[in-house]
Amino acid sequence: MLDLHESEAQALMLAVRDAARLIGRAYQRLGIAVWQNNGVDADQIISHLHFHVAGTLDEGGTERGEVGELSLEATEAIAKRLLES
């Protein structure tokens, strides 16, 4: 993240915003949490860039614990729900 060019940072933030909007519409979340880990000291094991974009829980807040691996069918169902919202 620290090495992004200006145009890359702009494009990435627009993509994160778009993902947040889709999640908000598809899942009717009151809030959206966005976070990114950058570097070993931030618990990043392999150097790469990605953002977590998650709707808040019904009781508020988010849960950042271990996430189980979903099947391809389950992830495709989520994508379909997002794109149909």
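**Figure 1. Overview of the predicted model, whose protein chain comprises two helices and two strands.** In this predicted model, the order of elements along the sequence gives the pattern α-β-β-α. The C-alpha atoms occupy a box of roughly 35 × 30 × 30 Å when taken along the principal axes, and the accessible surface of the protein chain amounts to about 6900 Å², with 55% of that area belonging to carbon and sulfur atoms. Of the 85 residues in the chain, 13% count as buried. Among the contacts with a separation of 6 or more, 55% are made by residues 24 or more positions apart.

**Figure 2. Close-up of the antiparallel pair formed by strands S1 and S2.** The two strands are joined by four bridges, and one pairing within this arrangement sets Ala33 opposite Ala54, its bridge partner in S2. The two faces of S1 can be told apart by their cover, since Ala33 and Trp35 belong to the covered face, whereas Ile32 and Val34 belong to the uncovered one.

**Figure 3. Close-up of Gln44 in the loop between strand S1 (32-35) and strand S2 (52-55).** The relative accessibility of Gln44 is 8%, and Gln44 therefore counts as buried, the cut-off being under 20%. Once neighbours within four places in sequence are left aside, Gln44 is in contact with Asn37, Asn38 and Gly39. For Asn37, the view also shows a polar approach, in which its backbone oxygen lies 3.3 Å from a polar atom of the Gln44 side chain.

**Figure 4. Close-up of Asp43, a residue of the loop between S1 and S2, and of Gln28, a residue of the loop between H1 and S1.** Most residues other than glycine have a negative phi. Asp43, although not a glycine, has a positive phi of about 70°, and Gln28, likewise not a glycine, has a positive phi of about 50°. Asp43 has a relative accessible area of 67% and is exposed, while Gln28, with a relative accessible area of 59%, is also exposed.

**Figure 5. Close-up of the salt bridge between Asp58 and Arg29.** A search of the whole structure finds two salt bridges, and in this one the side chains of Asp58 and Arg29 meet with an N to O distance of 2.8 Å. The pair links distant parts of the chain, for Asp58 lies in the loop between S2 and helix H2 (72-84) and Arg29 in the loop between H1 and S1, the two residues being 29 residues apart. Asp58 is exposed because its relative accessibility reaches 66%, whereas Arg29, at 25% relative accessibility, counts as partly exposed.

**Figure 6. Close-up of the salt bridge between Arg17 and Asp18.** Here the side chains of Arg17 and Asp18 meet with an N to O distance of 3.0 Å. Arg17 is partly exposed, with a relative accessible area of 36%, and Asp18 is partly exposed as well, with a relative accessible area of 35%.

**Figure 7. Close-up of Thr56 and Glu69, which are found in the loop between S2 and H2.** Thr56 has a relative accessible area of 16% and is therefore buried, whereas Glu69, with a relative accessible area of 81%, is exposed. Not counting residues up to four places away in sequence, Thr56 touches Arg29, Leu30, Gly31, Ile32, Gly61 and Thr62; among these contacts of Thr56 is Arg29, the residue whose side chain meets that of Asp58 in a salt bridge. Glu69, for its part, can be placed relative to His52, from which it is 17 residues apart in sequence and 15 Å apart in space, C-alpha to C-alpha.

**Figure 8. Close-up of a nonpolar surface patch formed by Met1, Leu2 and Leu49.** Together, the three residues present about 310 Å² of accessible area. Met1 is located in the segment before helix H1 (6-27), and because its relative accessibility is 44%, Met1 counts as partly exposed.

Notes
Residues numbered from 1 in each chain as written. Predicted model: local features only at pLDDT ≥ 70, side-chain atom pairs only at ≥ 80, totals over all residues. Heavy atoms only, no water. Patch = residues over 30% accessible without salt bridge, like charges linked within 9 Å, V, L, I, M, F, W, Y side chains within 5 Å. Areas by Shrake-Rupley, 256 points an atom, 1.4 Å probe, with all protein chains shown as cover. Salt bridge = Lys/Arg side-chain N within 4 Å of Asp/Glu carboxyl O. Buried < 20%, exposed > 50% of the residue type's maximum accessible area, 1.4 Å probe, protein only. Polar contact = N/O pair within 3.5 Å; in protein donor to acceptor, adjacent residues only side chain to side chain. Contact = heavy atoms within 4.5 Å. Pairing = 2+ DSSP bridges.
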